[in-house]
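Could you walk me through this structure, stop by stop? I have it open in a viewer and would like to know what to select next and what is there.

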Protein chains: 4
Amino acid sequence: MDSNPVIETLGRRLRLAVVGGGPGSFIGSMHRTAARIDDRYELVACALSSDPTRSLEHGGALGVARPYADAMGLLDAEAGLETGADVVAIMTPNDSHHRYSMAALERGFDVISDKPIANTLHDALDIVAKVEETGLVFCLTHNYTGYPMARQARAMVAAGEIGEIRLIQVEYVQGGKAREADPTGDDLPWRYDPVRGGPSLVLGDIGTHAHNLVRFVTGLEVSAVAGEVGHIVPNRLVDDYAGAQLRLSNGARGSFWVTQAAAGMENCLRIRVSGSAATLEWSQETPTRLIVRPIGMPAEIRTPNGPGTFPLARRASRIVAGHPEGFHEGFANLYSDAAEAIAARRAAVEPDPLAMHFPNARDGAIGVKFVEAVIRSSENDGAWTAATLEI
Amino acid sequence: MDSNPVIETLGRRLRLAVVGGGPGSFIGSMHRTAARIDDRYELVACALSSDPTRSLEHGGALGVARPYADAMGLLDAEAGLETGADVVAIMTPNDSHHRYSMAALERGFDVISDKPIANTLHDALDIVAKVEETGLVFCLTHNYTGYPMARQARAMVAAGEIGEIRLIQVEYVQGGKAREADPTGDDLPWRYDPVRGGPSLVLGDIGTHAHNLVRFVTGLEVSAVAGEVGHIVPNRLVDDYAGAQLRLSNGARGSFWVTQAAAGMENCLRIRVSGSAATLEWSQETPTRLIVRPIGMPAEIRTPNGPGTFPLARRASRIVAGHPEGFHEGFANLYSDAAEAIAARRAAVEPDPLAMHFPNARDGAIGVKFVEAVIRSSENDGAWTAATLEI
Amino acid sequence: MDSNPVIETLGRRLRLAVVGGGPGSFIGSMHRTAARIDDRYELVACALSSDPTRSLEHGGALGVARPYADAMGLLDAEAGLETGADVVAIMTPNDSHHRYSMAALERGFDVISDKPIANTLHDALDIVAKVEETGLVFCLTHNYTGYPMARQARAMVAAGEIGEIRLIQVEYVQGGKAREADPTGDDLPWRYDPVRGGPSLVLGDIGTHAHNLVRFVTGLEVSAVAGEVGHIVPNRLVDDYAGAQLRLSNGARGSFWVTQAAAGMENCLRIRVSGSAATLEWSQETPTRLIVRPIGMPAEIRTPNGPGTFPLARRASRIVAGHPEGFHEGFANLYSDAAEAIAARRAAVEPDPLAMHFPNARDGAIGVKFVEAVIRSSENDGAWTAATLEI
Amino acid sequence: MDSNPVIETLGRRLRLAVVGGGPGSFIGSMHRTAARIDDRYELVACALSSDPTRSLEHGGALGVARPYADAMGLLDAEAGLETGADVVAIMTPNDSHHRYSMAALERGFDVISDKPIANTLHDALDIVAKVEETGLVFCLTHNYTGYPMARQARAMVAAGEIGEIRLIQVEYVQGGKAREADPTGDDLPWRYDPVRGGPSLVLGDIGTHAHNLVRFVTGLEVSAVAGEVGHIVPNRLVDDYAGAQLRLSNGARGSFWVTQAAAGMENCLRIRVSGSAATLEWSQETPTRLIVRPIGMPAEIRTPNGPGTFPLARRASRIVAGHPEGFHEGFANLYSDAAEAIAARRAAVEPDPLAMHFPNARDGAIGVKFVEAVIRSSENDGAWTAATLEI
């Protein structure tokens, strides 16, 4: 990418503060790298850990200008600085997302939040309302929507190349919780803690990604679900699988399956969308291939910046075809799109419409509603349960 | 394969009669080729079509010694010949499977039948009882169990290499009914005819294959289902998709998805089985690869006759590793195994236990029960419905 | 396949005799299975082994009507029978191919011979002349040309869809000789014996397949080579690798690489052909996928009987798309095409032109010339060496 | 990555100046992104274009603190600043690499240079000598060595897991020059200009990558070549393909094939290395999979941070297994390793030995020697030509 739309719009990079993502956090390093890749942000402040000492030490070790001991302190202090942070990125455990998002929005920060937006629908709607009230930008890092070929899929559906959507399959299969000896005791990691992890860890952690990807690619809503959620590993305290049949808003049908207990699997997020004209297939582990199967024509292998790439996908690739981009770049695409939106808001200009495809607070709330619907169906002998959220 | 166990046992090939599979039938040619590949059978008689004239003409054109005008005539006549057929293979439309199987068994023929065994559980159990009563061999051509790598999967599970089974995914996704203009009128092809096609065409046609493959690989039964069956193509008279959550007999959970309406898809039957020690992945369209993902070890690519092949898989391959075998050979493996069983029965010797893994009448009845359970769940708002059949 | 062109033309199947391929032979079982698959032949006679006792015993065990003690006895006796064999298939070690082919042709048999046609160019040209003189059919089992997608590649090139051919890569990489302890002593298996194995075992065994596949797909001749042949495993008596640069008859360039000493490899025969309009890629180990990469368009996955299949490929598939066919079926396609040619010759009618794409004696001689050219270049410090044979 | 070794060592990031890579340059954006990803560098100065006006404008638009009108001006000015650049990265056309590298080294900058190091062996050796004389760090961006799985391959070979290396295949096949209408006239782009592009564009551009990857993975040198280089597209002024047989320093043999004229290809760099114990296969377009084929064991799929990852590969991955990293991250690994080496040099401490696997000036000179050897062999009728460089 040869230009920097944020500098073009604002005359400078956005100033970013990060909350959470301290030592040993997979996602913290990921967020910070994503923010650096396209040079739209300058990381100026951080509160990396809930432990004040570690928070200050680690922030210093990373060379951040203003490390803070705690998140609320950061928000208060930066809000008071003339050249304080513009944007706050939140990557704390799930049960604190709502608190920090609200505090950041109330102080006038644009927000980038890890998913899920909140652990309850009530909290999610709270954020939606605050975003609407303030007009601030809120980007939820359902990062798989940032992959060029996920965007190509969305663009092809939107352009009608797949026809009327009929059938959907989505799966997200991981192996991180396949071993059967879980942590126990007072000091549970939050991903094994039913309290901090939210109503369903497997749905909050990866189910919302799968659900959001369906919505992103198809442009449809999941209107009802019939499913089950539970744990397959004996004696586990949290859920580790969920499955559901889906009904989509246009009458399409779907299959949904997520688990973190599949031995030897890495990060297999796959989607297949069949319409009246073609089927699309994409898998996160081979992200540079989108298989398109038009009726009566040979199947095609679409690649980032390959022939037939739509603008929405093209702007998500930094290189010529054949040079793989991956997880970081997809994540960075959300950061960079959000940066354009934030810069445009601050400069009071219209953002590029192609930048406006990042998941937002409304998407987050719809995801929480979906989680609740699957849980309710599971508790109700698999009965079909409405998942629609009118907001 | 250097030897011919049937000749070794009986001193001659088995004499085979086929019923159905006339001109234009995909499956008829398939059965006859499968019967030829390993030279265990001599095709001596046929009644290929329900149209007597075509039946005789086509039988002659194929060089079969004794073509008949109709199936019941064949059964009666061959039963009366001293060197008449030993075995009858049935590949007529679904609604006549029961009639011909019963007639053949009653006349003392061993039977090879295309699936489903019957359209109703009542009829299926009828056959089960007749097989038990007569002691004849009954082989149901759930042919995907004949692939070497499906057998390797079964053998690895049986040997404990996968550990306790926890999670299963199976899908069978075809595109043959993706186009939205169906035949209409008085002369419906049977696959578009809700009367002859049975209670659910998609479940009878491909759902039973998927269900049987789960049972074959895991050695478990599906104990309950919560699902939906319907048609996604508007105005269609028959079903074209079905999805379900599965509960297995050991408490494992599963996802099941089948459709014939996915544009551009060919014949995507895939299974993933996760146990406490490893995950297995196999896809019919790339049948010579079985991916094994042990916990804490690199994933492996297992191939027919490659290192670590179990005897059950080894006997299902005719060539050294790297020389692909496919659909015909898998189908032939069922014919050849059944031939060994039949020859052993006729010679009153014990068959090779490794030959006894072909699907039988009981498997067929359990498949029909599964179909009925999915339909019942679908009619009952997705409620969990028992699928167990005690026989 | 619903019809039997041989029965249609001759009123009966062809009577086949096989020479070689006794117990433990991989290729013997392969040939006999290939002859059975499409029901064009009846195996009536055999001389399976150079050991007369084993030859008779094994022939009997396989249920062949007339087993013989030795090959020349078979040829003499069958030639004298009124309903003796029509066709002789030869699958003996390489150094006897010429002797049996000549003897068979001289007695009026049509011939199917395993490759290479002969170990020397002199012997190969001898056979070419005899075939021309007698007008008999001679089919050389370069079986990889029988795969549907290899034929689709040939048809696409012939139709101009690839444009002017510019670049070719072919490799054939096996691991059967990767272990470093070779047999020694008086009783060398012929594949380790430089005397019986011909001037270069690796080139005769698999190099001729690779060379023939290039010619089959492109319709071009290899006009010159610059290469090396040798053994990479220390102390080995026979060659185990060969590499060459190629110049094609239209000026295209190519890369050629074959080995049997690549640890852990199975049977990786791959070809890539780039023309001015598109590139084709095909690999024997995944034979149902032909990748087509047109300039400026998405890459395509072509499948047997999938959309856009040419007639030459369509007649090589027995099933609808998505049902994999493999090595046996490709091999059978050569047998079945040869059967059509033989039946047409015997009935004095014109064969279907689509049946006439099987490798013949001239192809065999050109292959031997290629082997000799690579060896000569290797002996001459890699100098460019003509490989053209004008016949 | 949770820590920043450069900040740990130096107390600050390295100050980076870039020369070349202006608007429209693919590689310029790549270098700058690679430098940002791991936060080891601060971009402080740039001279992006040979056009002074564009150079200044574009530098400003990217938000670089000190944009310069031209490269030599940058080098002089930064050398004179107290807190001027530490490191200069060079990404100009090939014919100026030598000039800027020498000028940078003479002024005391550590250097990161795009490949090839120079267009002639004389110039390359000049740089080697200067690096040795000054003790400065010189990193040549043969970026494919930065991929985790290329490093895993190197580590597995070094650990003896592949055994004694026997056979190598490397290919680099692109389609960027497949179209047959080249630019003409006075204003040739440098990649179509035989003067600025060096003695062989295809070898300089991608052949050196392929050659370097062989050396990187195997730890062997190419001792002799027999090959051809030329253009297959008629009337082209520069080379577009090259092929060669290789002899390696331990007696292993190899095949080398590179082209930029293969229609529809993207960026297919593939390597296969066979040793006495196993074969390795890696392809740049699916960089997260390393296939390992041990003799007598199932083939394995190795993944970044998957089981069995060696430390050299582990430090090249930023994320847990299953989250693909790509071209940028591989490129960044070279930048980050070089940063560690530079920081260690400046702090006068020993660098982490695992950081010292980036290509250096000596590697660059050996690459130029290889190019010259292939050209000489091609001019000499394919004669075997020494490629060894003793330095």
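Start by selecting helix 10 of chain C: 18 of its 21 residues are buried, so this helix is largely enclosed by the rest of the structure. Keep in mind throughout the tour that this is a predicted model.

**Along helix 10 of chain C**

Show the C-alpha atoms at the two ends of this helix, which covers residues 327-347 of chain C. They are 30 Å apart, and that agrees with the 30 Å that 21 residues should span at 1.5 Å a residue. Now step just past the end of the helix to C:Ala348, where phi is positive, at about 55 degrees.

**Other backbone turns to look at in chain C**

Most residues other than glycine have a negative phi, and most peptide bonds are trans. The next stops depart from that pattern.

Select C:Asp39, in the loop between helix 2 (26-37) and strand 2 (41-47) of chain C. Its phi is positive, near 65 degrees, and the residue is not a glycine. Is C:Asp39 buried or exposed? C:Asp39 has 21 other C-beta atoms within 10 Å, so it is buried; the cut-off is 20 or more.

Move on to C:Asp381, found in the loop that connects helix 11 (361-379) and strand 15 (385-386) of chain C. C:Asp381 also has a positive phi, of about 60 degrees, although it is not a glycine. Here the count is 15 C-beta neighbours inside 10 Å, so C:Asp381 is classed as partly exposed.

Next, pick C:Lys115 and C:Pro116, which are joined by a cis peptide bond with omega about -5 degrees. C:Pro116 sits in the loop between strand 5 (110-113) and helix 6 (121-134) of chain C. Switch to chain D and select D:Lys115 and D:Pro116: the peptide bond from one to the other is cis, with omega near -5 degrees. D:Pro116 lies in the loop between strand 5 (110-113) and helix 6 (121-134) of chain D.

**A sheet in chain D**

While you are in chain D, colour the strands of its open sheet of 6 strands. Their order is 3-2-1-4-5-6, and the pairing is parallel. Which strands are at the edges? They are strand 3 (66-67) and strand 6 (138-140) of chain D, each of which pairs on one side only. Zoom in on strand 3 of chain D and strand 2 (residues 41-47) of chain D, which pair in the parallel sense over 2 bridges. For a single pair to display, choose D:Cys46 and its bridge partner in strand 3 of chain D, D:Pro67.

**The two domains of chain A**

Now hide the rest and show chain A. Its domain assignment gives domain 1 (5-144 + 335-358) and domain 2 (146-319 + 365-386). Give each a colour; their C-alpha centres lie 25 Å apart. Where these domains meet, domain 1 of chain A contributes 18 residues and domain 2 of chain A contributes 23 residues. The side of domain 1 of chain A that touches domain 2 of chain A is made up of 10 nonpolar, 6 polar and 2 charged residues.

**One residue in close-up: A:Arg302**

Select A:Arg302, in strand 14 (residues 299-302) of chain A. With 25 other C-beta atoms within 10 Å, A:Arg302 is buried. Its C-alpha atom is 6.2 Å from that of A:Ile291, 11 residues away along the chain. Among the residues A:Arg302 touches are A:Met149, A:Gln152, A:Leu290 and, from another chain, C:Pro298.

**Where chain A meets its neighbours**

Bring chain D back next to chain A: 36 residues of chain A are in contact with 36 residues of chain D. The elements of chain A that give two or more residues to this side are helix 2 (26-37) and helix 10 (327-347), and helix 2 of chain A gives the most, with 6 residues. By class, this side has 14 nonpolar, 13 polar and 9 charged residues.

Try superposing chain A on chain D: a rotation of 180 degrees with 0.0 Å of shift along its axis does it, at an RMSD of 0.0 Å. The two copies are therefore related as by a two-fold rotation axis. They use the same surface, since 100% of the contact residues of chain A recur in chain D.

For the last stop, show chain B beside chain A, where 38 residues of chain A are in contact with 38 residues of chain B. The elements of chain A that give two or more residues to this side include strand 7 (165-174), strand 8 (222-230) and strand 9 (241-248). Its residues divide into 18 nonpolar, 12 polar and 8 charged.

How values were computed
Residues numbered from 1 in each chain as written. Chains lettered and ligands numbered in written order. Predicted model: local features only at pLDDT ≥ 70, side-chain atom pairs only at ≥ 80, totals over all residues. Contact = placed C-beta atoms within 7 Å. Helix = DSSP H or I, 4+ residues; strand = E, 2+ residues; numbered from the N terminus. Nonpolar A, V, L, I, M, F, W, Y, C, P; charged D, E, K, R; others polar. Least-squares fit on C-alpha atoms with pLDDT ≥ 70 in both. Pairing = 2+ DSSP bridges. Expected span 1.5 Å × (residues − 1). Buried ≥ 20, exposed ≤ 12 C-beta atoms within 10 Å, placed from the backbone. Domains from an automatic or database assignment. Lists of a residue's contacts leave out its neighbours within four places in sequence.
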